[in-house]
Amino acid sequence: MSALVKLTDVSKYYGNIKALEAVSLEVHAGEITCVLGDNGAGKSTLIKIISGLHQHDAGTYEVDGEPVRHSSPREALDHGIATVYQDLAVVPLMPVWRNFFLGSEPTKGRGPLRRLDVRTMRETTRSELLRMGIDLRDVDQPIGTLSGGERQCVAIARAVYFGAKVLVLDEPTAALGVKQSGVVLKYVAAARDAGLGVVLITHNPHHAFLVGDRFVLLKRGAMAGSYAKTGITLEELTRQMAGGSELEQLSHELAREG
Amino acid sequence: MTPATTLEKPAGQDGPDPGGKAADDRLVHRSLARRLMGRPELGSVVGAAAVFIFFSVAADSFLQWSSFGTVLYAASTIGIMAVPVALLMIGGEFDLSTGVMVTSSALVSSMFSYQMTANVWAGVAVSLVVTLAIGFFNGFLLTRTKLPSFIITLGTFLMLTGLNLGFTKLISGTVSTKSIADMEGFDSARVLFASHLTIGDIDLKVTILWWAALVAVATWVLLRTRAGNWIFAVGGGADAARAVGVPVSRTKIGLYMAVAFCAWISGQHLLFSFDVVQSGEGVGNEFLYIIAAVIGGCLMTGGYGSAIGSAVGAFIFGMTSKGIVYAQWNPDWFKFFLGAMLLLATLLNAWVRKRAEATA
Amino acid sequence: MTAATFPLTDTWAAGADHRAPGGTGIRREGQGFVAMAKTGTRAIGALLAAVLGASLAGCSSTGGKRAEERAAQSAGGGSGVDTPKWTVAMVTHSGAGDTFWDIVQNGAKQAARKDNIKFVYSSSNQANEQAQLVQAAIDQHVDGLVVTLAKPDAMKDVVAKAVKAGIPVITINSGSDQSKAFGALSHIGQDEKIAGQAVGDELDKRGKKHAICVLHEQGNVGHEDRCAGAKETFAGTMDNLNVDGTNMPDVQSTIQAKLQADKSIDAVVTLGAPFAATAVKAKQQASSSAEVDTFDLNAQVATALAAGTIGFAVDQQPYLQGYEAVDLLWLYRYNADVLGGGKPVLTGPQILTQKDAAALAKYTERGTR
């Protein structure tokens, strides 16, 4: 089975600063690829390349085997790659149903009478959220009044509804409590079960290991490792994330001084 | 637009089990009261009622049909500009050049017709193009430079103020334009921009119709079109909007051009109502438009507000400024009374909205 | 790198891409800028086309520039003296874009042309700024200085400095009481108060009982003086009404409201010519029979006087103030002539009515009355 999205030796420079160097990853349908890394490891640069906000400077980026270079998030969306950002997924003051269809609003009527199909929008929003297991009292409430987890779920439901083949999730659990994180991870797994390829960006190895099929570790813009689920244990993943050998050396140094 | 994939409800998820049919009923039967409570203009409507009652008691001549016509006219001249300014504020931006832009539009129209000895409709058309170009300039500069709109339009404001005076003196030789009242097309243009019709005792200016039409169109656009959805989105979260594919720059440039279009209407009213245009006019009016929009429930930070609210705001302003005259208060204190009334109306507005949100 | 800090700013972030290696010739966001610039160019092109198109389209056979040219008379004429090119500075308390001061300048320029004088004008309605402008004129060693003393205390020191520097000073318009004490040669003009008094008298003569004085710039000293002067001599009652002079529709609706509120008003006095025509509109809308009278003149007022829609205008001949001031400075330099004998030379007030209107129209049209 060929990869939905395949990055090979992708690099990105900001002037003479290497933000990302020779990173490779694959995303398959029905699988979750986790990208792990500390702050500044290049996770957000990677996500911006995949989602079309930025372009890579070297290497290849393939969708369904075809090399691509997205010039805007819209173009990436057209290739079936939907990105859910941790903080800018939604417009807080707008009602849930307007957020759900934002940027892809269905219309009816012609010419100057072309208008939003409000009824469809409201009803679809409600039914799609219900399908995800979110029962909203009122789809007219501003989305800012929902909890962080619910907002993530609305964004995921939106991406799925609009025919995403690949779902890119940027730190979906970072700002959430334990229970909320669990809810979001369930939806991520549900999306995977529905046949989507998922890229899960996180710095939490426990969350990653719960749902991930592949793991790509980033460190200072470069690949620090790439593993299949069978090739690594949670302990090893945690150790690598926590700094790996650097941490061991640090503990030696601290021990000697103490 | 059909979903490409369907999701099964994740097993064992928490949260209440959806109530199926019953839950759907809840959606359909949103009570009217609750819907009203959620509207941004609610507070301003209560404020307007309070101001109306106040002046009905305080000023004997306030409650006559002819006075009502005067108040509506005063409100409409502010209201025509308050509509696009409100849309712009919902879109998260300001425009400080609106006041003088109105004057620019009138000057261009008048001077073009006069200097070219053209039919005044030609001047009206040229003025429309020039004014829209000014709006485009504002929006283009804003989206390209990412500077705050406050700075950009402050620059435009000062430049236009200078251009208005400079060009008028250069072309006309005086600080006002020459009368175009005797030129061809003037009468028909006056019908469109500055006529009035008398219904019984009430004398209605055509600006009131323009105002009503603009409010209706703006409300339709805002609530029932994709463009309206985008206006709310670029004001409430430009980055989120861009990420889901909303054309943020185009939306903002469009908003600035809508402002310019209404400045053109106001400018033509100015010209055809007073025959000549003073080049120094319009300075300071931009704040009246913003005040009307804010009283009407627009958030200064963007993403929230309504066109109807701006109309109510303009109406409050018209009632207050003329009500003080009807009440025959000492004119030296006029500005103080005006400021105090506006502040009270806005406070009442904020208080009502807070109460509404608490019960919603 | 701004690109790293603001990853979502599409233009400038993309700008960083251009310096990056291995990425040339490929479509990227930065091209959005080029595309937008092209849209801009196209918009300007469309604009020009539209302007040209419109100018080719319908012409008006009535009014307009052509009518003016047909009736044009050259009022110009070159210099008629052989004195060297002296420089005269005029510093007034006018705000920007005031019709009255425009006419003053026109008079001064005409005199300057005749007397081979270089005329420089500056103004500020802020007293301290006006004083700074006078100081600037002194620093330039001008050959003559014309100032207004609307706020005499603020101008006292700087006028004294000019006199001390040997620059002949003539005061115009306001400050007739202080002119001599400050060391000016003459004062040309008329006090606002005197003009106001003339209006009060004229209203009495016309049998008016209740007048309003429309102030279009709140807190302007000269305007307050005009209303105060009128109140002084007027036998009936006179109310002040503040309007926003930069907002013509507001001027109209406020006067309208006032007339509706008090039906006993039988005279509306505006302090500036542009507001007289608006007051006439307001009066018609309010179906009031009040008479509209005004300070100062312009073309619209002259037409309205002729048509009888404005009762009278009180003029202080601003053209004369500008002309005389410059000409007197020339006379002083050339021949040490001084006019007035230490007393103000009055240019008004002159009450103009319907019978004067026909003769005035020509002059108001060209901006000299």
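Which residue of S8(C) does Ala211(C) stand opposite? I started my notebook with that small one, and I found Ala267(C) across from Ala211(C). A reminder to myself: this is a predicted model.

**Entry 1: the six-stranded sheet of chain C**

I followed the strands outward from that pair. Strand S6 (residues 210-215) and strand S8 (residues 267-270) of chain C run parallel, and I found four bridges joining them. They belong to an open sheet of six strands in chain C, and I noted its order as S7-S6-S8-S9-S10-S11. The pairing in this sheet is mixed.

Which strands stand at the edges? I wrote down S7 (237-242) and S11 (350-352) of chain C. Each has a single partner strand, so one side of each has no neighbour in the sheet. From one strand to the next, the twist averages 20 degrees.

Next I looked for helices on this sheet. Helix H10 (residues 221-233) of chain C packs on it and touches S6, S7, S8 and strand S9 (291-295) of chain C. The direction of H10(C) makes about 170 degrees with that of S6(C). H11(C) lies across S6, S7 and S8 of chain C, and I have it running at about 145 degrees to S7(C).

**Entry 2: the five-stranded sheet of chain C**

I then turned to another open sheet in chain C, this one of five strands in the order S2-S1-S3-S4-S5. Its pairing is parallel. The edge strands here are S2 (117-123) and S5 (186-188) of chain C; each pairs with a single strand, so one side of each is left without a neighbour in the sheet. Ignoring direction, neighbouring strands are turned by 20 degrees against each other on average.

At the S5(C) edge I counted the bridges to strand S4 (residues 169-172) of chain C: there are three, and the two strands run parallel. Within S5(C), the residue opposite Ile172(C) is Ile188(C).

Which helix packs on this sheet, touching S1, S2 and S3 of chain C? I found helix H6 (residues 127-139) of chain C there, with its direction at about 175 degrees to that of S1(C).

**Entry 3: where chain C touches chain B**

I moved on to the contact between these chains, which takes 52 residues from chain C and 59 residues from chain B. On the side of chain C, the elements that give two or more residues include S7, H11, helix H12 (273-285) and helix H13 (299-307) of chain C. H11(C) brings the largest share, ten residues. By class, I noted 20 nonpolar, 25 polar and seven charged residues on this side of chain C.

With H11(C) standing out, I looked up a helix pair that it forms. The axes of helix H4 (residues 65-90) of chain B and helix H11 (residues 248-261) of chain C come within 9 Å and cross at roughly 165 degrees. Why did I write "roughly antiparallel" for H4(B) and H11(C)? It is because of that crossing angle, and the cut-off for the term is over 145 degrees. The crossing of H4(B) and H11(C) is left-handed.

For the bench list, H4(B) brings Ser66(B), Ser67(B), Thr70(B), Tyr73(B), Ala74(B) and Thr77(B) to the contact. From H11(C) come Pro249(C), Asp250(C), Ser253(C), Gln256(C), Ala257(C) and Gln260(C). I sorted the residues of this contact into four nonpolar, seven polar and one charged.

**Entry 4: a helix pair in chain A**

Helix H5 (residues 148-161) and helix H6 (residues 178-193) of chain A also have axes that come within 9 Å, and I read a crossing of roughly 10 degrees. That makes H5(A) roughly parallel to H6(A). Among the contact residues I noted Cys153(A), Ile156(A) and Val160(A) of H5(A), and Val183(A), Val184(A) and Tyr187(A) of H6(A). This contact has seven nonpolar, four polar and no charged residues.

**Entry 5: confidence**

Last, I checked the scores. The model has ipTM 0.77 and pTM 0.78. Chain B averages a pLDDT of 85, with 88% of its residues at 70 or above. Over residues 1-28 of chain B, though, the pLDDT is below 50; beyond near neighbours in sequence, the stretch has 41 contacts in the model.

Where is confidence lowest in chain C, and where highest? I found the lowest in H2(C), at a mean of 37, and the highest in S8(C), at 95. Chain C averages a pLDDT of 81, and 80% of its residues score at least 70. Its residues 1-37 stay under 50, and the model gives them 51 contacts beyond four places in sequence.

Key:
Residues are numbered from 1 along each chain as its sequence is written. Chains are lettered from A and ligands numbered from 1 in the order in which they are written. This is a predicted model: local features need pLDDT of at least 70, side-chain atom pairs count only at pLDDT 80 or more; totals for chains, interfaces and linings use all residues. pLDDT is the predictor's confidence in each residue, from 0 to 100. Two residues are in contact if their C-beta atoms, placed from the backbone, lie within 7 Å. Axes are lines fitted to C-alpha atoms, for helices over the stretch in contact, and angles run from 0 to 180 degrees between N-to-C directions. Angles under 35 degrees count as roughly parallel, over 145 as roughly antiparallel, 65 to 115 as roughly perpendicular and the rest as oblique. A crossing is left-handed if the near helix is turned anticlockwise from the far one by less than a right angle, and right-handed if clockwise. Ala, Val, Leu, Ile, Met, Phe, Trp, Tyr, Cys and Pro count as nonpolar, Asp, Glu, Lys and Arg as charged, and the others, Gly among them, as polar. Two strands pair if DSSP finds at least two bridges between them.
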